[in-house]
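Please look over the sequence and the model shown below before reading on. The report that follows takes up helix packing first and then a few individual residues.

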Amino acid sequence: MKTSKIKIFDSFKNQKILDSHRKLDFRDAQKSKISGIKKFTFIIPNTTWFGRRYWHNFPYTEALLSAVLKQKGYSVKIIDANINNLSEEDLEKEIREKNPKIIGIGEMSLEYKDCVHKSFEIAKKTNPEIITISGGIYPTLSPEIVTKDKNVDFVVFGEGEERLPELL
């Protein structure tokens, strides 16, 4: 199997590329896919998928990043599959209805990584052209797992309010 590159933002000015099985040329992707897109949707995965306990986490990160992106001229929506107890099918329907161009999922716990990866899978199944961005504690602590997911296009490490606008 050929390896290719996935773009990792690990500092504000210093970036590095890690090998992955996902084919992605960042420069082309940024110019042709990301630049100029102003429609962003955050997904908060349902924590009860895969038999996990419900974890109610106020979406501080999504609220902060929404404010930052709105200041930069983005239209931002949030699909909260957790608080609305959406099934996988319900999440697919929501994604189809909102028709986002870019989806971001901020993972705050390694315990819920399966529902995060399932959310990315559902997004790509709904529309393979959706650009997917992973960020938060989970990818920062376990980049070797996140970068193997063929449904994740970009990973942002560290402070998303600085790095996400730089990526976009």
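Which residues in α2 meet which residues in α7? On the α2 side they are L64, L65, V68 and L69, and on the α7 side they are G160, E161, L164 and P165, where contact means heavy atoms within 4.5 Å. The residues of this contact of α2 with α7 divide into six nonpolar, one polar and one charged, with Ala, Val, Leu, Ile, Met, Phe, Trp, Tyr, Cys and Pro counted as nonpolar, Asp, Glu, Lys and Arg as charged, and the others, Gly among them, as polar.

**Basis of the model**

This is a predicted model, in which local features need pLDDT of at least 70 and side-chain atom pairs count only at pLDDT 80 or more, while totals for chains, interfaces and linings use all residues. Residues are numbered from 1 along each chain as its sequence is written, and side-chain values use heavy atoms, with hydrogens and water left out.

**Overall architecture**

The protein has seven helices and seven strands, which are DSSP runs numbered from the N terminus (helices H or I, at least four residues; strands E, at least two). Along the sequence these elements follow the pattern β-β-α-β-α-β-α-β-α-β-α-α-β-α. Of the 168 residues in the protein, 48% are buried, where buried means under 20% relative accessible area, exposed over 50%, and partly exposed in between (1.4 Å probe, protein chains only). The protein exposes about 8,800 Å², of which carbon and sulfur atoms supply 51%; the areas come from the Shrake-Rupley method with a 1.4 Å probe, and for residues only the protein chains shown count as cover. Among contacts between residues at least 6 apart in sequence, 67% join residues at least 24 apart.

**Two helix pairs**

Two packed helices are described by the angle between their axes and the distance between the axes. The axes are lines fitted to C-alpha atoms, for helices over the stretch in contact, and the angles run from 0 to 180 degrees between N-to-C directions.

| Helix pair | Angle | Axis distance |
|---|---|---|
| α2 (residues 60-71) and α7 (residues 160-167) | about 45 degrees | 10 Å apart |
| α3 and α4 (residues 113-126) | roughly 50 degrees | within 9 Å |

The angle in the first row makes α2 oblique to α7, given that angles under 35 degrees count as roughly parallel, over 145 as roughly antiparallel, 65 to 115 as roughly perpendicular and the rest as oblique. By the angle in the second row, α3 and α4 are likewise oblique to each other. The crossing of α2 past α7 is right-handed, and α3 passes α4 in a right-handed crossing; a crossing is right-handed if the near helix is turned clockwise from the far one by less than a right angle, and left-handed if anticlockwise.

In the second pair, E88, L91, E92, I95 and R96 of α3 meet K118, S119, I122, A123, K125 and T126 of α4. By class, this contact of α3 with α4 has four nonpolar, two polar and five charged residues.

**Residues around α3**

Which residues does A81 touch, leaving aside those up to four places away in sequence? They are I44, P45, N46, L86 and L91. A81 lies in the loop between β4 and α3 and, with a relative accessible area of 0%, is buried. Although A81 and I43 are 38 residues apart in sequence, their C-alpha atoms are 7.2 Å apart.

E94, which is placed in helix α3, is partly exposed, with a relative accessible area of 24%. Not counting residues up to four places away in sequence, E94 touches I79 and L86.

**Backbone and loop positions**

Most residues other than glycine have a negative phi. N85, which is not a glycine, nevertheless has a positive phi of about 50 degrees; it lies in the loop between β4 (75-80) and α3 (88-98) and counts as exposed at 53% relative accessibility. N99 also has a positive phi of about 50 degrees without being a glycine, and is found in the loop between α3 and β5 (102-107), where N99 is partly exposed at a relative accessible area of 33%.

E159 is placed in the loop between β7 (154-156) and α7 and counts as partly exposed at 43% relative accessibility. E159 and T61 are 98 residues apart in sequence, yet 9.9 Å apart in space, C-alpha to C-alpha.
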